[in-house]
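Let us read this structure together, one feature at a time. Keep the sequence and the coordinates in view as we go.

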Amino acid sequence: MLELKRLWHLQILEEQREKSLNKRIDPKITKKLKELKTEIEQGQEKLKELKDLYEQAGQLQKHFSQEAQVIKDKISAVSEKIYGGSLQTKQIETYQQRHGDLRKKLLEIEDRELESMQQREDIKQQWEKQKATLANDTRSFKELHQEYLQGKEEIKERANDLAREIEELIRNIKQESMTEYLRLKGKYPNPVSRITRDTCSGCHLSISFEQLKQLKRLEEITYCNHCGRMIFWDPLE
Ligand SMILES: [Zn+2]
């Protein structure tokens, strides 16, 4: 009887072990991890793009600034001519006209320079925003990944604990009982049936009154006459 109780216990532990081995990390976690990974990769790509754009805008700004300087130099030269006193009235008019044209052009260039400065500033802001998002995603990924690893470790530990418990229990079970258990295990995942009232917990069929009487008396292994599982009498208290 005690022997069958051990086998019954073994059966429970094996079921638990099976369950813990089949246990998977919540698929929501793995899905979220994948999503975050994609977001991080895209975020890095975006940052690189923004950095390139920032540099381009910088070059453009520099170009306009240089162009503006060239015009300013030209304006200075023209002014010198106008106020130099060496020109005839007619020539002064031409130079003044030229001076006006250059001023107009300078204003245009300066406008464009300002535009590219503004553009550069906008890109910088976008870059900073993108960088903060990326840092956030990276942090979330790390935290979730930690949780994932911990979950995996817990599942492994539980399975190992059960394996140890099973090993210890088997040491206290007679070889012939174990052989019998394994033989039936080939047929049923639950070869041991506990009789708490008058039905087999394996096949749920009624045990005859005669067999029940025998079961309560006998110390040796008894089998259900319907399904052939090992049965033992252990009423619920
Ligand atoms: Zn049965």
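**Reading a predicted model, feature by feature**

Q: Where should I begin, and what does the span 199–231 look like?
A: Begin by noting that this is a predicted model. Then take the span you ask about: residues 199–231 are 27% helix and 12% strand, and their end C-alpha atoms lie 10 Å apart. In UniProt, an unreviewed entry lists these residues as "domain: C4-type zinc ribbon".

Q: Which residues does UniProt give to the "CT398-like coiled coil hairpin", and how much of that span is helix?
A: The unreviewed entry places this domain at residues 30–186. In the model, that span is 94% helix and 0% strand, with its end C-alpha atoms 35 Å apart.

Q: And where does the record put the "coiled-coil region" feature?
A: UniProt, again in an unreviewed entry, has it at residues 33–60 and 145–179. Residues 33–60 are 100% helix and 0% strand, and 41 Å separates their end C-alpha atoms. Residues 145–179 are 91% helix and 0% strand, with the end C-alpha atoms 44 Å apart.

Q: How do I read a sheet, and what is the strand order here?
A: As a general idea, strands of a sheet pair through backbone hydrogen bonds, and the pairing can be parallel or antiparallel. Here, three strands form an open sheet in the order β1-β3-β2, and the pairing is mixed. Its edge strands are β1 (192–195) and β2 (222–223), each of which pairs on one side only.

Q: In which sense do β1 and β3 pair?
A: They pair in the parallel sense, over four bridges, with β3 made of residues 230–233. To find one of these contacts in your viewer, start from serine 193: its bridge partner in β3 is isoleucine 231.

Q: How do I look for empty space, and what volume does the largest pocket have?
A: The general idea is to roll a probe the size of a water molecule over the atoms, which shows where empty space is left. In this model, the largest pocket has a volume of about 240 Å³. It is lined by 14 residues, and the closest to its centre are Lys23, Arg24, Gly151, Glu154 and Ile155. The elements that give two or more residues to this lining are α1 (2–22) and α3 (89–171). Of these, α3 gives the most, with six residues. Sorted by class, the lining has seven charged, four nonpolar and three polar residues.

Q: What about the second largest pocket: which residues line it?
A: Its volume is about 200 Å³. Among its lining residues are Ser20, Leu21, Lys23, Arg24, Tyr148, Lys152 and Ile155. Once more, α1 and α3 are the elements that give two or more residues to the lining of the second largest pocket. The largest share, six residues, comes from α3. By class, this lining has five nonpolar, five charged and one polar residue.

Q: Which charged end sits over the ring of tyrosine 54?
A: That of arginine 120, at 4.2 Å from the ring centre. For another case, look at tyrosine 188: the charged end of arginine 229 sits over its ring, 3.8 Å from the centre.

Q: How many aromatic pairs does the structure hold?
A: The structure holds one.

Q: Could you tie the helix and the pockets together for me?
A: Gladly. The span 30–186 is 94% helix. As for the pockets, α3 gives six residues to the lining of the largest and six to that of the second largest.

How values were computed: Residues are numbered from 1 along each chain as its sequence is written. This is a predicted model: local features need pLDDT of at least 70, side-chain atom pairs count only at pLDDT 80 or more; totals for chains, interfaces and linings use all residues. Side-chain values use heavy atoms; hydrogens and water are left out. UniProt positions are given in the numbering used here, feature names are shortened, and annotations may be inferred rather than shown by experiment. Rings of Phe, Tyr and Trp (its six-membered ring) pair if their centres lie within 6.5 Å; planes under 30 degrees apart count as stacked, over 60 as edge-to-face and the rest as tilted. A charge sits over a ring if NZ of Lys or CZ of Arg is within 6 Å of the ring centre and within 35 degrees of the ring normal. On a 1 Å grid over the protein atoms alone, a cavity is a set of points where a 1.4 Å probe fits but cannot get out, and a pocket is an open set with protein on both sides within 12 Å along at least five of seven lines; lining residues have an atom within 4 Å of a point. Grid points are joined across faces, edges and corners, and a volume is the space filled by probe spheres set on the points. Ala, Val, Leu, Ile, Met, Phe, Trp, Tyr, Cys and Pro count as nonpolar, Asp, Glu, Lys and Arg as charged, and the others, Gly among them, as polar. Two strands pair if DSSP finds at least two bridges between them.
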